[in-house]
Amino acid sequence: MATPVNDSGAGPVVILGAGYAGLTVAREVARRARGRLPLVLVDRNPVHVLRTELYEIGKIAAAAGDPRPWTVPLAKVLDRTGTTLRQGSVESIDLDRRTVRLDSGEEIRYGFLVIALGSVAAYYGVPGAAENTYNVYRLSGAQRLAAVVRDTERASAGLPGERRPRFVIVGGGSTGTELAAELATTDWEQISGPGARPPDVILVTGALPFLAGFPPKLIVHARELLRRAGVSLVHGVNVSHVDPGKVTLEDGSVLACDAAVWCAGLEAPAVAKTLAVPHGKGGRIAVEPTLALPNHPTVFALGDVAEIRDPSTGLLVPATAQAALAEARTAGRNIVARFEGRVLEPFRFRERGVVVALGLGTAAGTLGRATIWGSPAALLKRLVEREYSRAAEKGQESRLL
Ligand SMILES: Cc1cc2nc3c(=O)[nH]c(=O)nc-3n(C[C@H](O)[C@H](O)[C@H](O)COP(=O)(O)OP(=O)(O)OC[C@H]3O[C@@H](n4cnc5c(N)ncnc54)[C@H](O)[C@@H]3O)c2cc1C
């Protein structure tokens with residue numbers, strides 16, 4: 001019989017990040033190891049954030065700081081998996097000493113390590129972008145944007161003439177598109193008071209085409225629904241710099257605005273970028289098909305922080321919650337397999353479908369080869385989101401996402 005590579009003396013399975021990947025891998029290992037592998041989950045927040053719903057700026061503004069609709073308390077979830085929660089920010093990882101250091105100075109020793117720290121905004125060196133834009137990649141960022149939009153809308157009732165608030169979204173991927181449609185179609189009078197004027201929303205896709213990489217039919221529907229929502233598209237030119245109240249494009253044109261939002265891309269957080277291991281685009285940790293790090297058989301990286309190539313297609317796996325959940329199931333199985341001395345399996349990704357929200361009650365998506373759009377697509381998206389958060393609260397696996 002093969003020798004297990006971990007034993008209780010070697011330290012627990014330490015999971016960094018309680019996002020889509022981290023929470024799922026905790027559940028998978030707990031289920032399969034049945035108490036033989038102690039689990040520790042580290043996150044800076046005491047809650048799991050429903051990041052895929054952070055484009056809902058109208059609802060976040062209406063909630064006036066109440067985070068509950070976009071979060072699941074970790075204590076509630078982890079109770080059911082016997083996982084110990086350590087709240088703190090991961091400052092560094094020492095792969096030689098097999099330790100993780102938190103901002104409190106505490107060091108945690110691991111037997112297995114799972115790096116699932118997600119991603120942060122990538123500004124590509126564009127001057128002023130980090131300082132002068134908002135983003136919806138974290139709940140705190142989405143709440144700041146929601147407060148600014150709500151206040152700008154409130155003040156718009158007293159604007160002279162026909163002037164309307166103007167919001168510029170940089171990035172024509174799914175996050176920028178969902179956010180632009182949401183801002184343009186929200187009933188701001190209901191949230192900010194009588195006289196709030198519908199905003200001008202401009203979506204700057206940069207040099208990349210609108211919704212680059214998405215199926216062509218989805219793009220056609222999304223473009224039409226965005227047009228109906230009143231969003232203007234600016235494409236073919238990158239942003240050169242951002243100042244307070246204005247976004248300047250590389251062709252010299254200037255877009256004055258009340259707020260600019262950066263949805264132009266993501267990269268690995270600094271703690272992952274600085275690890276002395278192979279990296280891919282945006283500093284993502286390049287992993288083997290088993291999701292383990294090369295030369296570190298008990299360390300795994302998954303979710304947005306990892307660069308994963310599907311060995312059956314040779315293609316990079318997208319940085320989505322859907323992929324993060326699938327990766328986490330494979331990583332969980334592989335951790336237990338390695339513990340038991342069994343052979344590990346390669347990760348293979350099969351996308352179930354994608355749906356992009358395009359304003360209140362409408363969306364465009366694909367399910368297998370079929371394209372869906374309008375209210376059925378929006379209903380499907382809502383159903384998938386609700387089922388995921390209900391399952392997460394109960395410590396169960398989502399069957400739809
Ligand atoms: C607005 C928006 C809409 C989206 N819509 C979709 C969609 O419809 N479908 C889809 O599949 N994907 C969607 N995505 C992408 C999806 O949200 C991500 O791919 C997914 O969150 C990745 O999961 P993860 O577990 O890798 O990272 P995350 O879910 O981001 O989790 C990372 C965790 O690590 C923690 N963390 C980070 N750094 C530290 C640190 N130093 N110390 C301690 N804790 C730390 C964070 O607090 C967080 O809990 C969307 C993203 C956004 C922003």
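In the predicted model, D243 has K246 of strand β15 as its bridge partner. This pair belongs to the antiparallel arrangement of β14, residues 239-243, and β15, residues 246-249, which are joined by 4 bridges. The hairpin formed by β14 and β15 has 2 residues between its strands, and G245 adopts a positive phi near 80° there. On the C-terminal side, β15 also pairs with strand β16, residues 254-256, in the antiparallel sense, over 3 bridges. Within this second pairing, V247 is placed opposite L255 of β16. The β15 and β16 hairpin has 4 residues between the strands, and G252 in its turn shows a positive phi of about 95°. Strand β15 thus takes part in two antiparallel pairings, with β14 and with β16.

A further succession of hairpins is formed by β6, β7 and β8. Strand β6, comprising residues 90-94, runs antiparallel to strand β7, comprising residues 99-102, and 4 bridges connect the two. D94 is matched with T99 in β7 as its bridge partner. Between the strands of this hairpin lie 4 residues, and R98 has a positive phi near 55°. Strand β7 is in turn joined to strand β8, residues 107-109, by 3 bridges, again in an antiparallel arrangement. Here the bridge partner of V100 is I108 in β8. The hairpin of β7 and β8 likewise contains 4 residues between its strands, with G105 in the turn at a positive phi of about 95°.

A hairpin is also formed by β24 and β25. The two strands, spanning residues 363-367 and 370-374 respectively, are antiparallel and share 5 bridges. G365 has I372 of β25 as its bridge partner. The turn of this hairpin leaves 2 residues between the strands, and G368 within the turn has a positive phi of about 60°.

At the level of the whole chain, the model is divided into domain 1 (8-44 + 88-119 + 268-350) and domain 2 (129-264). A distance of 35 Å separates the C-alpha centres of the two domains. Both domains contribute to the surroundings of the ligand, each supplying at least three residues of the shell.

The shell around the ligand comprises 29 residues, of which A21, D43, V90, D304 and A321 come nearest. By class, 12 of the shell residues are nonpolar, 11 are polar and 6 are charged. Helices α1 (20-33), α6 (174-185) and α10 (321-340) each provide at least two residues of the shell. The largest share, 3 residues, is drawn from α10.

Several polar atoms of the protein approach oxygen atoms of the ligand. A backbone N or O atom of Y20 is placed 3.1 Å from a ligand oxygen atom. A polar backbone atom of A319 lies 3.3 Å from an oxygen atom of the ligand. In the case of N45, a polar side-chain atom is found 3.5 Å from an oxygen atom of the ligand. The ligand taken alone exposes 1,000 Å², and 90% of that area is buried by the protein.

Two loop residues were also examined for their surroundings. L159 is located in the loop between α5 (139-156) and β11 (166-170). Apart from residues up to four places away in sequence, L159 touches R164, P165 and R197. With respect to C257, L159 is 98 residues away in sequence, and the C-alpha atoms of the two residues are 14 Å apart in space.

P294 occupies the loop between β20 (292-293) and β21 (296-301). When neighbours within four places in sequence are left aside, P294 is in contact with P278, A286 and E288. P278 and P294 are 16 residues apart along the chain, and their C-alpha atoms are separated by 8.0 Å.

Conventions. Residues numbered from 1 in each chain as written. Predicted model: local features only at pLDDT ≥ 70, side-chain atom pairs only at ≥ 80, totals over all residues. Heavy atoms only, no water. Near = heavy atom within 4 Å. Polar contact = N/O pair within 3.5 Å; in protein donor to acceptor, adjacent residues only side chain to side chain. Areas by Shrake-Rupley, 256 points an atom, 1.4 Å probe, with all protein chains shown as cover. Nonpolar A, V, L, I, M, F, W, Y, C, P; charged D, E, K, R; others polar. Domains from an automatic or database assignment. Contact = heavy atoms within 4.5 Å. Pairing = 2+ DSSP bridges.
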